[in-house]
Amino acid sequence: MIRYARRAAALCLVLLVALLVNSARVMVFEAESLDDNPANRRIAINRYAQPRGEIVVDGKPVTGSRDSGQQLRWERTYRQGPLYAPLTGYSSQTYGTTLVEHAEDDVLSGTEPMLAPLPLWNDLTRGRQPGGDVVTTIRASMQEAAFRGLDGKRGAVVAVEPHSGRILALVSSPSYDPGVLSGTGPGVKEAWRRLNTSPNQPMLNRALRQTYPPGSTFKIVTAAAALDAGVVRDVEAPTDTPDPFVLPGTRQVLPNEATGCGDASLAYAIQWSCNTVMAGLGVEVGLAGMVDAVERFGFNDTALRVPSWVAKSNFDREMSPDQLALSSIGQFDTTATPLQMAMVASAVANNGEIAQPYLVDRTTTSGGTTVDRTGRRSYRQAMNPATAMQLQRLMLKAVADGTGTNAAIPGARVGGKTGTAQHGFGNTGTPYAWFIAWAQAEDSAQPAVAVAVVVEDAEAARTDISGGGSAAPIAKAVMEEALRLEAKARG
Amino acid sequence: MTAPRTDAPPPGVRLPKRRGVELSLLVCAVLISVCGYAEVGLARSGAVPPDAVRYGAGLGLLALVAHLAVRFRAPYADPLLLPIAVLLNGLGLVLIYRLDLETPNDQAAATQLVWSTLGVALFIVVVLLLRDHRTLQGYAYVSVAAALALMILPIFFPAVNGAKIWIRIGGLSFQPGEFAKILLAVFFAAYLAANRNALAYTGRRIWIFQFPTGRVLGPIVAIWLLSVGVLVLERDLGTSLLFFGLFVIMLYVATGRTGWIAVGLVLASAGAFLVGSLEPHVHSRVQDWLDPFASIRAGDGPGQLAQSLFSFAAGGMLGSGLGLGHSVLIGFATKSDFILATAGEELGLVGLTALFLLYALLVARGYRAGLSLRDPFGRLLAIGLASIVALQVFVIAGGVMGLIPLTGMAMPFLAQGGSSVVTNWVIVALLIRVSDSARAPQPDDADTGTLAPVKEAA
């Protein structure tokens with residue numbers, strides 16, 4: 001009997017071993033795939049088990065957290081939600097994250113390994129650190145000035161510090177409060193439905209994700225291409241472009257809004273925004289040269305991140321000469337994000353070089369220790385420094401005595417370019433009013449700010465002046481604020 | 001009536017009693033449980049629960065009283081059995097208390113403590129009143145009658161969650177099938193001890209199989225079929241599986257015929273296949289076992305088994321820490337059938353392995369007592385009781401971890417459930433008694449010969 005009892009005991013041992021092996025299978029070898037199963041609520045529960053880190057503007061958090069007492073416990077709150085929504089995005093238990101909330105989610109939610117005191121600490125403890133903070137490059141007063149300037153009209157403002165690439169203001173209007181999307185439940189779903197069905201598209205990030213035909217502001221790019229290619233050697237010399245200008249290969253006539261554009265010089269064409277001159281120069285540079293030049297500015301770049309993804313600004317790589325002519329004045333298929341046009345202004349202001357634009361200055365632990373810092377990086381050399389110098393002079397002229405006088409600031413060098421982009425089939429849509437500009441204090445070594453403003457519902461007539469009328473004052477307000485901050489910083 | 005014995009210890013050698021070892025292990029068991037209790041409070045609210053001292057005192061008092069009973073009435077008993085039982089019961093209370101925090105409308109820890117107290121009380125009664133386990137041999141047929149009565153009784157009570165295995169009187173519910181397994185083990189042990197020679201060596205031989213005579217085999221198969229039949233009627237598949245396994249193991253140990261195992265396996269497979277394909281409740285569980293994530297793909301969210309697997313996976317190697325897991329997502333039966341998932345998630349593979357080893361130790365000690373006993377009844381009883389624990393742990397742990405299809409059953413001592421805790425305390429009491437007989441010096445060797453007479457059932 002003892003022998004059989006021992007065998008029965010051995011059977012029990014086999015059962016035990018089976019249990020242990022199975023435990024190791026489930027808890028170690030299959031653990032990762034089970035942990036990551038989308039139906040596993042732990043992912044969400046752990047994610048919201050602690051307050052998120054803050055997004056900081058000018059030393060003050062623009063976000064907060066609220067204990068909901070629900071299973072997905074900590075909900076996001078926003079101070080001045082609509083003002084900062086174009087940079088923060090939302091963080092919602094129901095709809096996920098966008099923009100900086102998305103790009104810096106690891107830091108904000110505390111899963112970033114660098115937040116841990118020791119390497120691999122989190123792997124060992126399977127825990128997470130308190131959420132870290134994200135310090136942005138945004139200047140509150142400039143952001144407010146831009147937001148006030150748009151005043152609820154559809155449009156966007158982007159302001160960049162030309163030599164560093166820091167994004168100082170990023171406004172999209174009309175905006176929304178991302179806080180209404182925090183949490184779960186019917187209220188959140190209703191808010192989501194309302195925001196998504198609103199004809200004003202408040203959740204559309206017009207500064208980074210919407211592209212517009214840049215209209216006449218694009219003439220700066222064409223001018224740079226013409227100067228760099230040697231098509232124009234003397235900006236004051238008359239060009240060989242008739243007014244009106246017949247689009248090559250067609251019988252279609254390109255008109256001017258301005259007068260005196262026949263055979264006008266490049267300087268005159270920038271100052272008064274002559275379509276004919278710039279279209280002619282574009283054709284003269286040629287398709288390959290134009291594509292080369294515009295792509296140095298960042299057009300057709302699908303990989304731009306600030307760190308949020310930026311929509312591609314488009315300049316077609318294959319066109320007939322008449323399409324090229326239209327494209328050279330920012331029409332046809334040419335489209336640009338407001339950020340892209342701010343980069344154009346920035347390139348002129350910064351002697352032809354574009355610094356990589358960025359929105360996140362640094363990330364820190366919840367205790368304030370820096371985890372990562374975004375340094376200045378060069379994006380591209382958009383044009384020769386000499387070309388940039390010449391364009392600076394032309395843009396100054398356009399503001400001093402041209403289409404952009406509404407942006408003039410006493411005691412500062414302000415260069416600008418207006419634009420009114422036609423869109424819609426047969427030109428039926430309301431035109432977009434554009435203004436791109438940069439400003440430099442008289443006593444400063446480098447420009448303080450480059451800015452791009454687009455206003456969708458420009459009320460004025462379809463003249464170039466409307467860019468100067470609707471958009472330039474907003475740009476001026478933002479630039480004044482930048483100059484004031486710079487002066488204050490210099491003491 | 002006496003047989004020459006060769007394996008008795010030489011006269012004059014006294015086995016150590018080891019009661020001091022038992023007491024210090026009990027102190028450790030109580031301390032570990034109290035630390036777990038405090039840990040839950042610290043993790044959840046940053047403070048030790050205010051009643052931690054009371055909890056510790058209560059558990060300590062139960063352990064102490066049980067220890068004193070053992071010290072005076074079973075001084076040679078195995079010193080590991082009681083501490084393991086106290087530790088498992090204490091940890092069970094901690095886990096239930098921890099889960100109570102997630103379910104404010106369903107508090108179970110206090111009730112479980114009452115049942116545990118009752119269990120310990122019964123443990124003491126058994127240790128005090130049952131002076132010699134062989135007394136039970138005379139109650140074999142009383143046992144089986146009582147077992148059947150207990151199992152049939154729930155048929156007259158309404159079903160709870162699809163199974164008719166509860167008796168509800170007033171606010172108390174009781175699962176008589178739990179207790180029936182002890183009675184059945186007693187009957188099997190007594191009957192097999194009396195008839196094992198007849199079962200092994202008589203009867204007709206057909207081809208290579210030697211069949212025992214129907215007169216000997218008949219009654220026990222009838223009893224077994226009856227109990228399994230009743231359980232199937234009541235849809236208590238876990239327990240019917242347990243009875244089946246118990247029967248086969250005891251039959252094998254008693255007769256030593258491997259054929260029984262083969263026959264048992266064939267029968268079990270056929271039965272499992274039939275029930276699995278015919279009974280919709282079981283069928284769905286088999287489906288769930290084969291593919292725990294089917295409901296997720298169908299868009300219905302994770303089922304209980306999937307949630308349980310998520311729990312274990314979330315525990316990983318070291319666990320999330322007591323009070324910090326989310327096993328409550330399993331929902332229904334978190335505190336009973338699925339209690340192991342909480343242990344796995346919050347204590348990790350390390351803690352779970354420790355738990356399994358505790359059970360293994362309990363089972364091993366039961367077997368050891370059986371092996372060192374000289375009377376076949378005691379031996380079979382000890383092995384039967386130990387096998388009950390082993391099978392139960394395997395069936396439920398394998399079920400909630402996806403090793404075998406899930407059948408509802410209580411993790412011994414750990415799971416919420418009054419009848420289960422009480423029954424397991426009685427099992428431990430019987431093992432204590434048996435191990436005391438096994439290790440005590442034998443003044444009356446003549447009584448314990450291998451061919452000890454079996455009283456004809458009264």
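Colleague: Where in chain A does Pro307(A) lie?

Modeller: In this predicted model, Pro307(A) lies in the loop of chain A between helix H13 (287-297) and helix H14 (321-327).

Colleague: What makes the peptide bond from Val306(A) to Pro307(A) cis or trans?

Modeller: The bond from Val306(A) to Pro307(A) has an omega near 10°, and it is cis. A second cis bond, with omega near -5°, runs from Ser173(A) to Pro174(A), and Pro174(A) is found in the loop between strand S9 (167-173) and helix H9 (186-197) of chain A. Such bonds deserve a remark because most peptide bonds are trans.

Colleague: Why is Asp58(A) called buried, partly exposed or exposed?

Modeller: Its relative accessibility is 41%, and since buried requires a value under 20% and exposed a value over 50%, Asp58(A) therefore counts as partly exposed. Asp58(A) sits in the loop between strand S1 (55-57) and strand S2 (60-61) of chain A, and has a positive phi of about 55° although it is not a glycine.

Colleague: And why is Leu99(A) called buried or exposed?

Modeller: The value for Leu99(A) is 10% relative accessibility, and the limit for buried is under 20%, so Leu99(A) counts as buried. Leu99(A) also has a positive phi, of about 50°, without being a glycine, and belongs to helix H5 (residues 99-103) of chain A.

Colleague: How do you know that Arg42(A) and Glu345(B) meet in a salt bridge?

Modeller: The N to O distance between the side chains of Arg42(A) and Glu345(B) is 2.9 Å, and because the criterion asks for an Arg or Lys side-chain nitrogen within 4 Å of a carboxyl oxygen of Asp or Glu, the pair qualifies as a salt bridge. The count between chain B and chain A is 1 salt bridge, alongside 7 residue pairs in polar contact, both residues at pLDDT 80 or more.

Colleague: Which element gives the largest share of the side of chain B that touches chain A?

Modeller: That share, 12 residues, comes from H13(B), and the residues on this side of chain B divide into 32 nonpolar, 13 polar and 3 charged.

Colleague: How much area is buried between chain B and chain A, and what share do carbon and sulfur atoms give?

Modeller: About 3400 Å² is buried between the two chains, with 75% of it from carbon and sulfur atoms. Of the area that chain B buries against chain A, 16% is supplied by Phe310(B), Leu329(B) and Leu371(B), more than any other three residues.

Notes. Residues numbered from 1 in each chain as written. Chains lettered and ligands numbered in written order. Predicted model: local features only at pLDDT ≥ 70, side-chain atom pairs only at ≥ 80, totals over all residues. Heavy atoms only, no water. Buried area = accessible area lost by both parts, 1.4 Å probe. Polar contact = N/O pair within 3.5 Å; in protein donor to acceptor, adjacent residues only side chain to side chain. Helix = DSSP H or I, 4+ residues; strand = E, 2+ residues; numbered from the N terminus. Nonpolar A, V, L, I, M, F, W, Y, C, P; charged D, E, K, R; others polar. Buried < 20%, exposed > 50% of the residue type's maximum accessible area, 1.4 Å probe, protein only.
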